[in-house]
Each structure stands twice: as structure tokens, then as C-alpha cells.
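User: Please explain the terms applied to this model, setting each value against its cut-off.

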Amino acid sequence: MKNIERELIINLIKLFKEMYDIIASNPNNDINYGMRTIKNMVQYLEMELANDTIGYEELVSEIARKYKSMFPPRGGLSEFYIWDDNYEIRYQANHEYEQIKSQIEAILSKHKLRH
């Protein structure tokens, strides 16, 4: 794996951990699958980072597939939002969550552009 690819994987791990923390601090039953999936993706990425057994393209393709599975048309993380009675806190928390999602999606979409 090239250095830039390793950096992207390290960044994905960091972003997934941040996403997990946000989701875990705002629990509801619809997010359990997403939380398990994030944990599995982080473990998978960390293992591949250490062992480098499959290629970057295959790794990102698998992660993109798992990531997409967390956002079905209804339910899951598709309808996840953070609620707080204070509008400013609610806005900031949801904005931060959306920024993390956007960064993850940007990394995963770069993979698709190469094909």
C-alpha cells in the first residue's frame, strides 16, 4: 500500500471513530446496526493497515459497500439526527456529524472515480 493510501485509511479510521462516538452518545434502536458496522469497519481497516494483505482498491470497495448498507432508504442512519432542546447545540452537533459523513464519502468516492 502506498503512503497516500495508508494516510487515507488512517483518516477513515479516525472519521469512523468520531462518527461512532457521536452516534453512541445519541442512542436509539435504529442505530444499533450502524454502530456494529462502524466497529467492524474500524477493526477491518486497522487489521489491513497492520497486515496489508489485500489491495487498497479492494479494501475501499468493501468499506464503501459496508458504509452504504448503514443508510437504507428508511431507517438506520439515513434518518439519524441529534436532538437537543437548544437550537445552537443541535445545529452544531448535526453540522459536525454531516461534516464527518461528507469527509468519509469524499474518501470513498475517490475510489469510484478510478474505475
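The exchange below takes up helix packing, the nonpolar core and several single residues.

Analyst: This is a predicted model, in which local features need pLDDT of at least 70 and side-chain atom pairs count only at pLDDT 80 or more, while totals for chains, interfaces and linings use all residues. Residues are numbered from 1 along each chain as its sequence is written, and side-chain values use heavy atoms, with hydrogens and water left out.

User: What makes H1 roughly parallel to H3?

Analyst: Helices here are DSSP runs of H or I with at least four residues, numbered from the N terminus. Axes are lines fitted to C-alpha atoms over the stretch in contact, and angles between N-to-C directions run from 0 to 180 degrees. The axes of H1 (residues 3-24) and H3 (residues 56-69) cross at roughly 20 degrees and come within 11 Å. Angles under 35 degrees count as roughly parallel, over 145 as roughly antiparallel, 65 to 115 as roughly perpendicular and the rest as oblique. The pair H1 and H3 is therefore roughly parallel.

User: Which residues form the contact of H1 with H3, and how do they divide by class?

Analyst: Contact means heavy atoms within 4.5 Å. From H1, Glu5, Leu8, Ile9, Phe16 and Met19 meet Tyr56, Leu59, Val60, Ile63 and Tyr67 of H3. Nine of these residues are nonpolar, none is polar and one is charged. In this scheme Ala, Val, Leu, Ile, Met, Phe, Trp, Tyr, Cys and Pro are nonpolar, Asp, Glu, Lys and Arg are charged, and the others, Gly among them, are polar.

User: Why is H1 called roughly antiparallel to H2?

Analyst: The axes of H1 and H2 cross at roughly 155 degrees and come within 10 Å. That angle places H1 in the roughly antiparallel class with respect to H2, because it lies over the cut-off. The crossing of H1 and H2 is left-handed, a term used if the near helix is turned anticlockwise from the far one by less than a right angle (clockwise would be right-handed). On the H1 side the contact includes Ile13, Phe16 and Lys17, and on the H2 side it includes Ile38, Val42 and Leu45. By class, the contact of H1 with H2 comprises 15 nonpolar, no polar and four charged residues.

User: How do you know that H2 and H3 are roughly antiparallel?

Analyst: H2 and H3 pack at about 170 degrees, with their axes 10 Å apart. The two helices are therefore roughly antiparallel to each other. Among the residues in contact are Tyr33, Thr37 and Met41 of H2 and Leu59, Glu62 and Ile63 of H3. The contact of H2 with H3 holds seven nonpolar, two polar and three charged residues.

User: What makes valine 42 count as buried?

Analyst: Buried means under 20% relative accessible area, exposed over 50%, and partly exposed in between (1.4 Å probe, protein chains only). Valine 42 has 8% relative accessibility and so counts as buried. Valine 42 lies in H2 (residues 32-51) and touches Ile13, Phe16 and Lys17, leaving aside residues up to four places away in sequence. Its C-alpha lies 9.7 Å from that of isoleucine 10, at a sequence separation of 32 residues.

User: Why are aspartate 52 and tyrosine 91 called partly exposed?

Analyst: Aspartate 52 has 34% relative accessibility and therefore counts as partly exposed. Aspartate 52 belongs to the loop between H2 and H3, and its phi is near 50 degrees, a positive value in a residue other than glycine. Tyrosine 91, at 47%, is likewise partly exposed; tyrosine 91 is found in H4.

User: What is the largest nonpolar core, and which helices supply it?

Analyst: A nonpolar core is a set of buried Ala, Val, Leu, Ile, Met, Phe, Trp, Tyr and Cys residues joined through side-chain atoms within 4.5 Å. The largest such core has 34 residues, and those with the most contacts inside it are Phe16, Met19, Ile23, Ile38 and Ile104. H1, H2, H3 and H4 (87-113) each supply at least two residues of this core, and H1 gives the largest share, ten residues. Isoleucine 38 touches Phe16, Met19, Tyr20, Ile23 and Met70, not counting residues up to four places away in sequence.
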